[in-house]
Amino acid sequence: MPNTHLRADRVEADLDRLLTAAGDELVVASNRQPYRHDYGDDGEVTVDRPAGGLTAGLDEVMRRVDGTWIAWGDGEADATVVDGDDTVTVPPDDAENTYALRRLWLDEDEVEGYYYEVANQVLWPLCHAALGTVESCGDAWADYRRVNDQFADAMADAATDADGDPLVWLHDYHLALAPRHLRERTGSDTGGRGDGPVDRTGGADPTLAHTWHIPWPSWDTFRACPNREALLDGLLGNDLLVFHVPRYCENFLRSADRGLDGTAVDFDAGTVDYRGRTTTVRAAPMGVPVDRIREQADSMEAAGFRAAFRKNRGIDRDTRLAVGVDRLDYTKGIVQRLDAFERLFEERPDYRGEVTFVQVGTESRSAIPAYADYQDRVEAAVDRVNDRFATDDWRPVVYTTEMISNEGLAGLYREADLAVVSPIRDGMNLVAQEFVAAGGDDPGVLVLSDQAGAHDTLGEWAVSVRPHDTEGFAAALDDALSMSERERRRRANALADGVEDDDLDSWLVDVLGAVARVASADGGVPTRADH
Ligand code: GDG
């Protein structure tokens with residue numbers, strides 16, 4: 001096993017070097033904010049800390065540079081703590097290493113149009129190739145455009161305030177138009193609309209990098225998008241566009257080639273020339289904070305959670321556990337996973353009473369009918385399997401929608417004999433990596449869908465499944481449950497090495513390294529996509 005301290009020092013040094021190269025001026029833009037202010041029961045203002053690995057990782061980067069993070073202020077008390085520029089200094093507990101959080105305010109129509117309709121009911125299903133779930137967006141497109149305009153205004157303000165030429169790092173499918181809108185404001189857009197470019201940044205020439213966290217679909221799917229030209233035009237305002245795996249880069253390049261007039265695509269170099277600017281397209285598979293997850297899994301809280309979970313859910317100490325952890329999203333394949341367990345218990349009665357499948361399904365986007373419907377379908381499938389096989393002292397499926405603490409979740413991963421990660425389509429999937437990171441002395445088996453981006457990096461050592469192949473899926477579960485200890489350890493060690501080498505810090509280094517190369521127009525050093 002690699003020496004994690006040495007590795008962490010090296011990553012630290014790389015990060016420092018790259019941040020210095022980026023002029024120490026970093027502007028991050030994302031839909032979700034790193035800190036959210038609300039009111040507690042006693043009416044006092046409370047602050048929520050960053051929950052997800054990415055937000056926490058970026059927060060650490062921001063603490064080390066002179067930066068601004070721009071995001072939608074969706075907390076109840078968000079507006080009461082900002083200054084006249086809608087900005088609050090964060091983190092609340094570290095006066096030495098602060099940065100500015102600039103909040104944007106969205107009215108009800110904008111939340112509906114930009115967030116619920118275009119982002120979550122057009123772009124999310126489109127990019128996951130779920131065309132039957134794409135809704136027509138009508139007026140919502142104007143909201144999406146307006147909110148992206150607001151982000152571009154805020155980014156332009158932050159670029160003006162910066163000392164040098166800042167790096168602007170955008171995240172995800174909520175902000176597809178913002179790069180072009182920002183170009184129009186910096187005057188660096190040679191093909192701008194209307195009367196030509198208007199420089200609102202006092203001559204700053206920011207470098208724009210955008211990490212797209214979900215898949216990019218094939219051209220044949222993307223061409224169904226009614227606003228496809230505008231999306232491509234928007235994203236090609238970036239200097240660097242980063243996807244999780246090379247497949248999505250290829251799909252994007254093909255879409256840019258076929259879907260937009262005036263592009264010149266170099267498939268070998270991974271670049272698109274358009275409107276006088278070159279966009280470099282690269283793959284960098286995102287990782288998880290391995291050291292932190294391992295500490296969480298080792299904690300007393302995790303140990304307590306494991307014992308209490310078995311006791312409270314009536315799971316016998318000797319019963320083997322398989323776990324699934326997902327937002328309740330129709331891309332995650334939970335219904336098909338339950339079908340596979342049903343088939344397993346049907347064909348292999350000897351597993352009855354021996355194995356319990358625990359599904360953690362956290363509520364997500366419930367205001368959208370397709371999501372509410374999905375929650376019902378998952379519950380119905382859980383009930384069906386339990387009605388069929390449960391006995392007085394054993395349940396085949398334990399289902400919970402409770403949000404579990406990070407320590408509790410790491411404990412659950414460690415307690416599990418198998419993790420079953422079987423999305424129908426998934427940009428990357430962090431749960432697969434978290435499970436591996438949490439593994440202890442007696443690590444479990446990873447069952448992984450070949451439709452997840454994570455399969456490109458972990459598939460060789462996981463037990464692969466195709467989510468719709470119920471028969472094959474059930475057989476794979478049997479293989480995983482009956483694997484010899486030697487084989488299980490061999491695979492788990494290889495998975496652990498992979499997840500450790502490609503952890504969250506190394507992703508940050510990869511992305512910032514690619515930015516530094518693009519900014520210096522050097523282009524000589526290969527990224528992982530070039531291998
Ligand atoms: C998108 C892309 C890409 C879930 N329940 C609990 C909990 N979680 C955490 C998991 C994990 C995260 O939520 C889910 O991450 P995924 O990557 O699995 O999926 P998406 O939310 O769809 O993420 C995906 C990702 O963006 C990053 O680029 O990998 O492909 O779809 O971290 O642990 N965490 C806690 N309690 C829960 O009950 N503490």
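This report describes the ligand site, one strand arrangement and several local backbone features of a predicted model.

## The ligand and its shell

The shell around the ligand holds 23 residues, of which H213, I404, D426, M428 and E434 come nearest. By character, the shell is made up of eleven nonpolar, seven polar and five charged residues. Both domains take part, since at least three shell residues come from domain 1 (11–287 + 505–525) and at least three from domain 2 (290–501). Among the secondary structure elements, strands β13 (320–327) and β14 (355–362) and helices α14 (406–415) and α15 (430–438) each contribute at least two residues to the shell.

## Polar atoms facing the ligand

Three side chains place polar atoms at short listed distances from the ligand. For E434, a polar side-chain atom lies 2.5 Å from an oxygen atom of the ligand, and E434 is also among the residues that come nearest to the ligand. The side chain of N406 has a polar atom 2.8 Å from a ligand nitrogen, while in T362 an N or O atom of the side chain is 3.3 Å from a nitrogen atom of the ligand. Taken alone, the ligand would expose 730 Å², and the protein buries 86% of that area.

## Strand β12 and its partners

Strand β12, which spans residues 277–283, is mostly covered, with six of its seven residues buried. On one hand, β12 pairs with strand β9 (residues 240–243), the two running parallel and being joined by four bridges; within this pairing, F243 stands opposite A283 of β12. On the other hand, β12 pairs with strand β11 (residues 271–274) in the antiparallel sense, again over four bridges, and here T271 has T280 of β12 as its bridge partner.

The antiparallel pair β11 and β12 forms a hairpin in which two residues lie between the strands, and one residue in that turn, R275, has a positive phi of about 50 degrees.

## Backbone exceptions in the loops

Most residues other than glycine have a negative phi, and most peptide bonds are trans. Against that background, the peptide bond from V90 to P91 is cis, with omega near -5 degrees; P91 itself is found in the loop that connects β5 (87–90) and β6 (99–104).

Two further loop residues that are not glycine also have a positive phi: A129, at about 60 degrees, and D172, at about 75 degrees. The loop that holds A129 runs between α4 (108–127) and α5 (140–161), whereas D172 is placed in the loop between β7 (167–171) and α6 (178–186). How does the burial of these residues compare with the cut-offs? A129 has a relative accessibility of 32% and therefore counts as partly exposed, a class that lies between the limits of 20% and 50%. D172, with a relative accessible area of 13%, is buried, because buried means under 20%.

## A buried threonine after β13

T331 lies in the loop between β13 and α12 (334–347); strand β13 is also one of the elements that supply at least two residues of the ligand shell. With a relative accessibility of 4%, T331 counts as buried. Its side chain makes a polar contact of 2.9 Å with the side chain of D329.

Terms used. Residues numbered from 1 in each chain as written. Predicted model: local features only at pLDDT ≥ 70, side-chain atom pairs only at ≥ 80, totals over all residues. Heavy atoms only, no water. Near = heavy atom within 4 Å. Polar contact = N/O pair within 3.5 Å; in protein donor to acceptor, adjacent residues only side chain to side chain. Areas by Shrake-Rupley, 256 points an atom, 1.4 Å probe, with all protein chains shown as cover. Nonpolar A, V, L, I, M, F, W, Y, C, P; charged D, E, K, R; others polar. Domains from an automatic or database assignment. Buried < 20%, exposed > 50% of the residue type's maximum accessible area, 1.4 Å probe, protein only. Pairing = 2+ DSSP bridges.
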